[in-house]
Amino acid sequence: MFEFIALDADDTLWDNEIYYTQSKEAFVRLLSPYAREEGAIKRRLDEIEEGNVAIYGYGIKSFTLSMLEAAVEISQGAISGREMEAIIELGREMLTTRVRVFPWTEDTLATLAKDWQLMLITKGDVFEQSKKIERTGLLKYFRYVEIVGDKTTSTYRTLLERHHISPKRFLMVGNSLRSDILPVLELGGQAVYIPYTDTWEHEHRLDRELPKDGYYELENLAQLPELARRLSRKMTG
């Protein structure tokens, strides 16, 4: 039987990427006078954002810096102070917007918490993610909350060793193949992929094949308790 079920936060328990998408659309409109093709603006922003992850990490503040950098480059330095201020406001709105928890999230967590210890594993800026988690009111369901800079095989190995959890007794649930699924499978754990309609392409891009042993896919989080019970029976049977 599983000792822990760990869950990703953004786009697994609540909306997140939609706000990035909306801000990118607003950014493209703002920069459109400086480029011939709007698609080129978004592509360049995506490239800069992905490259800056290694420098600034994940999160809204990192994304805002990437928008500012892209604006200077795309406009060839002609961007105005007022337009830069508008870009900063896009980031501010993302940081202060209400967190929209999915309708089935709390009931699912309450059900899972009756039979398993739950862990929340999310990546990004610690201050930013901590505030977001507090605003959801879901903290009471988790024994541990881990906010990490990135989700790699090494990251998960360190977390499991810290909490004395065997990979074979660990189930990870999330919407990112790159961050939530592949590293856990490589450690010998099990993972449940729940696709989200608007996931950053970076999170789907894999540099190695996805192991199929221990891999499961669901349509939504509400289906997780039944799958967890079935897997637990399989492990103890």
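## Buried and exposed residues

A residue counts as buried when its relative accessible area is under 20%, as exposed when that area is over 50%, and as partly exposed in between, using a 1.4 Å probe and protein chains only. By that rule Tyr-196 is buried, with a relative accessible area of 16%.

Please keep in mind that this is a predicted model, where local features need pLDDT of at least 70 and side-chain atom pairs count only at pLDDT 80 or more, while totals for chains, interfaces and linings use all residues. Residues are numbered from 1 along each chain as its sequence is written, and side-chain values use heavy atoms, with hydrogens and water left out.

## An aromatic cluster

Tyr-196 has company: Phe-102, Trp-104 and Tyr-196 form one aromatic cluster. Rings of Phe, Tyr and Trp (its six-membered ring) pair if their centres lie within 6.5 Å; planes under 30 degrees apart are called stacked, those over 60 edge-to-face, and the rest tilted. The whole structure holds four aromatic pairs. In one of them, the ring centres of Phe-102 and Tyr-196 are 5.9 Å apart and the planes meet at 35°, so this pair is tilted.

Phe-102 lies in the loop between helix 4 and helix 5 (105–113), and Tyr-196 in the loop between strand 5 (190–193) and strand 6 (215–217), so the pair ties together parts that are 94 residues apart in sequence. Helices (H or I, at least four residues) and strands (E, at least two) are DSSP runs, numbered from the N terminus. Like its partner, Phe-102 is buried, at 11% relative accessibility.

## Helix 4 and its two faces

The buried residues of helix 4 are Glu-83, Ile-87, Leu-90, Gly-91 and Met-94. Viewed down the helix axis they fall within an arc of 95° (taken from the directions from the axis to the C-beta atoms), so they line one face of helix 4. Their cover includes helix 1 and helix 3, where contact means heavy atoms within 4.5 Å. On the face turned away from the buried side sit the exposed residues Gly-81, Arg-82, Glu-85 and Thr-96.

## The nonpolar cores

A nonpolar core is a set of buried Ala, Val, Leu, Ile, Met, Phe, Trp, Tyr and Cys residues joined through side-chain atoms within 4.5 Å. The largest one has 27 residues, and those with the most contacts inside it are Ile-5, Leu-7, Leu-118, Phe-142, Val-173 and Val-192. Two or more residues each come from strand 1, helix 5, strand 2 (117–123), strand 4 (170–174) and helix 9 (224–236). Helix 9 gives the most, with four residues.

Leaving aside neighbours within four places in sequence, Phe-142 is in contact with Leu-7, Leu-13, Leu-109, Leu-118, Met-119 and Leu-120. A second, separate core of 20 residues includes Leu-68, Ala-70, Ile-74 and Ile-79.

## Two loop residues with positive phi

Most residues other than glycine have a negative phi. Asp-11 has a positive phi, near 70°, and lies in the loop between strand 1 (4–7) and helix 1 (17–31). Gln-76 also has a positive phi, of about 55°, in the loop between helix 3 (60–74) and helix 4 (81–96). Their surroundings contrast: Asp-11 is buried at 7% relative accessibility, whereas Gln-76 is exposed at 75%.
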